[in-house]
Amino acid sequence: MRITGYFAGLFLTFFLSFTASAQETLSFTKDIIPVLRNHCYSCHNVGNPKGGVNLEIYEEEGRVIKDGQFWLKVIDEVKGMAMPPSNKPPLSADEYHTLVDGVNGILIKSLENKTPGKVVIRRLNHTEYSYTVLDLTGIHFDAKNRFPSDGSGGGGFDNQGRALFFTPLKMERYFDAAEEIVETLYEDKDKWRHAVPIAFRVSLWDRIIDWFKSLFNKDYDPEIRVTEAAEQVIYPFASKAYRRFLKSEEKEKLTNLFQQVYSANSSMNNPERFDRSMAEVYKAILIAPSFLYKMEEEPDLERPVPLNDFEIATRLSYFLWSSMPDEELFQLAAEGKLQSEEILDQQVDRMLDDPKALRFSESFVSQWLGITKLKDPNAPLADAGRFPQFTEAIKDAMYKETTAYFHHVLTEGNNFLDLINSDYTFVNKELAGFYGLDGVDGDDFQLVRVTDGIRGGLLGMGSVLTVTSLPTRTSPVLRGKWVMEEILGTSPPPPPPDVSELPEDDGLHEDLGLRALLERHRSDPACQSCHEKMDPLGIGLENFDAVGKWRDSYGNIPIDPSGVLSTGEQFAGPKELKQLLMADKEKFARNISRKFLSYAVGRGVLFSDEIAIRDLTENLLTHDFHPKIFIGELVKSYPFRMKIKDFQKRSTEI
């Protein structure tokens with residue numbers, strides 16, 4: 001199916017408006033089903049659900065709304081000219097309008113009553129735990145290597161509630177960690193005195209006063225002096241740890257614990273007795289659910305309600321800093337000022353300008369792009385025998401290049417499109433030599449201008465190129481699938497169960513090249529429809545070998561990186577391929593919106609988020625993909641600032 005330029009422009013107008021009149025005039029039964037019957041049911045029916053997709057079961061609007069996320073994907077396939085396939089009759093302009101605008105109208109109308117989506121309470125992941133401990137106590141604790149590993153949730157990130165389950169082993173490790181952290185803190189006298197700013201002693205004069213008071217008040221307890229001192233230390237520390245003001249019952253429990261330990265330590269002298277008692281209270285705080293979990297008070301009302309200020313502060317800080325709120329955020333929350341959109345904008349700017357924002361960049365981009373494999377010693381990456389230059393130092397440099405590049409785009413580059421293509425990258429001397437870039441000295445990563453259109457952007461980075469390859473060779477299929485999913489936000493259907501793999505014979509690869517082998521492979525009709533979308537994207541990157549070094553041939557034949565996308569656009573190599581991806585702004589903007597929102601709220605994206613996703617997408621398109629403006633919009637969106645009753649009940653994530 002091919003769409004003329006005039007019709008594509010007409011479609012864009014309809015897409016951006018989604019007028020109520022379109023929703024009122026198009027009926028699913030009378031208008032949309034006939035289009036489906038004429039163009040879709042022949043392949044996607046009860047008896048022959050091609051690709052596992054059966055559209056024939058949707059007989060009324062209610063079922064479409066129930067599976068709204070699925071129907072968004074259906075419409076994306078139509079909008080992307082992937083359906084109907086090129087070997088089937090195309091939709092007419094009227095049919096296209098009926099199907100796309102009609103289904104969109106039904107879905108948008110069903111979302112008129114916004115809901116923020118239910119969020120389960122979330123345990124701190126290992127990164128968040130380490131940074132929270134660091135910011136709270138000044139102690140570095142390597143949680144990733146000390147705790148059992150966590151998985152990733154519905155959005156592919158390790159801060160998703162569904163992945164942060166609890167086990168007896170993890171609870172045991174948290175007890176051990178609290179013991180180690182507090183003991184390490186106690187041994188560092190400067191850090192301890194910062195965490196416990198009172199070196200408590202009872203002077204001779206204090207004892208005289210206590211004796212004098214007891215003469216006139218038989219109920220006077222001299223221990224009140226130490227209790228008051230303890231409370232002056234415990235309450236502020238626990239408030240920071242719990243990310244909110246303490247409840248009265250929490251204050252009472254912590255005070256009672258201190259008093260019990262202090263009484264048991266009667267053989268000690270102060271300030272040691274006070275400090276050792278305080279250490280036990282701090283250990284209790286570090287294993288408390290209010291520290292280990294990001295909790296939000298469940299509302300009494302059935303309808304969505306705003307988060308309170310401390311909950312907003314916590315969402316903001318763990319989103320952009322992977323840690324607890326700092327003093328300024330905490331104070332703003334205490335004053336009730338974080339409901340103000342102007343204040344939120346100011347805080348986003350401040351937080352992104354803070355060095356702690358690098359934590360977000362590293363965590364987010366490494367998981368989004370899948371380059372965490374570079375940090376996994378057991379990941380099946382490049383074969384050392386075939387690629388001896390792919391050393392541990394190069395692997396580490398590739399990871400740092402990507403995170404430094406993303407952080408620059410986020411905080412200084414001011415345009416997310418630089419992620420696809422730019423005239424710069426970040427390298428040190430060793431990685432520059434690996435890439436063949438001249439004029440770079442030193443071990444520090446630095447912005448280096450590139451003018452050949454090859455290295456600028458994620459698709460020219462060794463990190464991405466390596467993790468999308470096999471250990472012994474490149475894989476256009478893996479790379480093409482990666483570009484579809486991580487750049488354009490579209491996923492091909494899974495391969496048929498009996499699909500054959502490409503041969504691994506080195507001679508065939510050198511004599512024919514991957515292009516010819518892939519053409520053989522997709523001659524199978526069962527493979528053709530998916531591979532014609534993925535393969536050209538991967539072929540366009542074939543000049544990069546399995547570790548991202550540039551090459552011109554497979555050995556005996558030159559590499560031909562040209563291709564034709566499934567939408568008909570032609571390109572002659574990675575430079576032109578990136579230009580085509582740059583032009584597909586709407587898909588890229590929508591994909592960024594989904595990724596950021598999922599990470600920010602700690603759950604997979606739901607159909608109920610669709611209005612917010614479209615607003616965020618429009619924000620990127622309107623403001624030239626400006627990161628700070630976009631993130632400001634995100635933290636003011638209803639999924640980020642609202643909550644709904646029974647948030648602990650797990651939602652169905654798509």
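**Close-up views of a predicted model**

**View 1. Ring pairs build an aromatic cluster.** In this predicted model, ring pairs join Phe157, Phe319, Phe360, Phe364, Trp368, Phe406, Phe416, Phe596, Tyr599, Phe630 and Phe640 into a cluster. The structure as a whole holds 39 aromatic pairs.

**View 2. Phe70 and Trp71 form an edge-to-face pair.** Their ring centres are 5.9 Å apart. The planes meet at 85°. Are these two residues buried or partly exposed? Phe70 has a relative accessibility of 24%, so it counts as partly exposed. Trp71 has a relative accessible area of 0%, so Trp71 is buried.

**View 3. Phe360 and Tyr599 form an aromatic pair.** This pair, too, is edge-to-face. The centres lie 5.4 Å apart, with 70° between the planes. The pair links distant parts of the chain. Phe360 belongs to helix 19 (residues 357-369), and Tyr599 belongs to helix 27 (residues 585-601). Along the chain, 239 residues separate them. Both Phe360 and Tyr599 are buried.

**View 4. Two arginines lie over aromatic rings.** Arg315 lies over the face of Phe640. The distance to the ring centre is 6.0 Å. Phe640 is also one of the rings in the cluster of View 1. Elsewhere, Arg455 places its charged end over the ring of Tyr435. Here the distance to the centre is 3.9 Å.

**View 5. Phe426 is a buried residue in strand 4.** The strand covers residues 424-427. Why does Phe426 count as buried? Its relative accessibility is 11%, and buried means under 20%. Which residues does Phe426 touch, leaving aside those up to four places away in sequence? They are Glu401, Ala404, Tyr405, His408, Leu431, Phe445, Gln446 and Leu447. His408 is 18 residues from Phe426 along the chain. Their C-alpha atoms are 9.2 Å apart.

**View 6. Helices help to line the second largest pocket.** This pocket holds about 1500 Å³ of space. Its lining has 48 residues. Lys144, Ser366, Thr372, Lys375 and Tyr399 lie nearest the centre. Which helices each supply at least two lining residues? They are helix 7 (126-137), helix 8 (143-146), helix 19, helix 20 (392-413) and helix 23 (476-487). Helix 19 gives the largest share, seven residues. Helix 19 also carries Phe360 of View 3. By type, the pocket lining divides into 14 nonpolar, 19 polar and 15 charged residues.

How values were computed
Residues numbered from 1 in each chain as written. Predicted model: local features only at pLDDT ≥ 70, side-chain atom pairs only at ≥ 80, totals over all residues. Heavy atoms only, no water. Helix = DSSP H or I, 4+ residues; strand = E, 2+ residues; numbered from the N terminus. Buried < 20%, exposed > 50% of the residue type's maximum accessible area, 1.4 Å probe, protein only. Contact = heavy atoms within 4.5 Å. Phe/Tyr/Trp six-rings, centres within 6.5 Å; stacked < 30°, edge-to-face > 60°. Lys NZ or Arg CZ within 6 Å of the ring centre and 35° of its normal. 1 Å grid on protein atoms, 1.4 Å probe; cavity = no way out; pocket = protein on both sides within 12 Å on 5 of 7 lines; lining within 4 Å. Points joined across faces, edges and corners; volume = space filled by probe spheres on them. Nonpolar A, V, L, I, M, F, W, Y, C, P; charged D, E, K, R; others polar.
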